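Visitor: Could you take me through the salt bridges in this one, with a close look at how buried or exposed the partners are?

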Amino acid sequence: MLTTKDLSSSERLKVWRRRLDKTQVQAAESHGVTTWEYRLLERGARSAPTVIIGSLQPHEACAVMRWRSGYSRKDIARWVGISPWWVTQMERGRIDSDRLINFWFSPL
């Protein structure tokens, strides 16, 4: 399982934004940058500011794994046997994410 120490600064920034349920526009305003600049920060194209997020939750680790993989929610949904909507709900911690945790972190 991933921990906060395993995350890049851009991944931490994205987790921070998702925890606060902010859009990229709102997060950009919080950091005093344009939306375009903020998107570059989240993509790792620019050095992101350090944000403290504490412990990484299992559902957040699943989201990070998907971001790193480059796969879409639709891809993951197909492989897990659920709809993309359910992937979103699981990655946001709104419903039990055991299926995603098993997908990403169970040995083959």
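Guide: Let's start with Arg66, which counts as buried because its relative accessibility is just 8%, under the 20% cut-off for that label. Keep in mind that this is a predicted model. The partner to look for is Glu91: the two form a salt bridge, with their closest N and O atoms 2.6 Å apart. Glu91 is buried as well, since its relative accessibility is 2%. Now follow the chain between them. Arg66 sits in helix α4 and Glu91 in helix α6 (residues 84–91), so this pair, 25 residues apart, links distant parts of the chain. Arg73 belongs in the picture too, as salt bridges with shared partners join Arg66, Arg73 and Glu91 into one network.

As a bit of background, side chains of opposite charge can pair when their charged atoms come close.

Stay with helix α4 for a moment, and go to Arg68. This side chain meets that of Glu11 in a salt bridge, at 2.8 Å from N to O. Here again distant parts of the chain are linked: Glu11 is in helix α1 (residues 9–19), Arg68 is in helix α4 (residues 58–69), and 57 residues separate them. The two ends get different labels, though. Glu11 is buried, because its relative accessible area is 12%, under the 20% limit. Arg68, at 40%, is partly exposed, since that label covers values between the 20% and 50% cut-offs.

Helix α1 has another pairing for you to check. Arg17 and Glu42 bring their side chains together in a salt bridge, 2.5 Å from N to O. Arg17 lies in helix α1 and Glu42 in helix α3 (residues 35–43), with the two positions 25 residues apart, so it's one more link between distant parts of the chain. Arg17 counts as buried because its relative accessibility is 10%. Glu42 is also at 10%, and therefore buried.

Those are examples from a longer list: a search of the whole structure turns up seven salt bridges.

For something without charge pairing, swing round to Trp79. You'll find this residue in helix α5 (residues 73–80). Trp79 is partly exposed, because its relative accessibility is 43%. Together with Tyr71 and Phe103, Trp79 makes a nonpolar surface patch of about 300 Å².

So, if you want a route to click through: go from Arg66 and Glu91 to Glu11 and Arg68, then Arg17 and Glu42, and finish on the patch of Tyr71, Trp79 and Phe103.

How values were computed:
Residues are numbered from 1 along each chain as its sequence is written. This is a predicted model: local features need pLDDT of at least 70, side-chain atom pairs count only at pLDDT 80 or more; totals for chains, interfaces and linings use all residues. Side-chain values use heavy atoms; hydrogens and water are left out. Patches are made of residues with over 30% relative accessible area and no salt bridge: like charges are joined within 9 Å, nonpolar side chains (Val, Leu, Ile, Met, Phe, Trp, Tyr) within 5 Å. Accessible areas come from the Shrake-Rupley method with a 1.4 Å probe; for residues, only the protein chains shown count as cover. A salt bridge is a side-chain nitrogen of Lys or Arg within 4 Å of a carboxyl oxygen of Asp or Glu. Helices (H or I, at least four residues) and strands (E, at least two) are DSSP runs, numbered from the N terminus. Buried means under 20% relative accessible area, exposed over 50%, partly exposed in between (1.4 Å probe, protein chains only).
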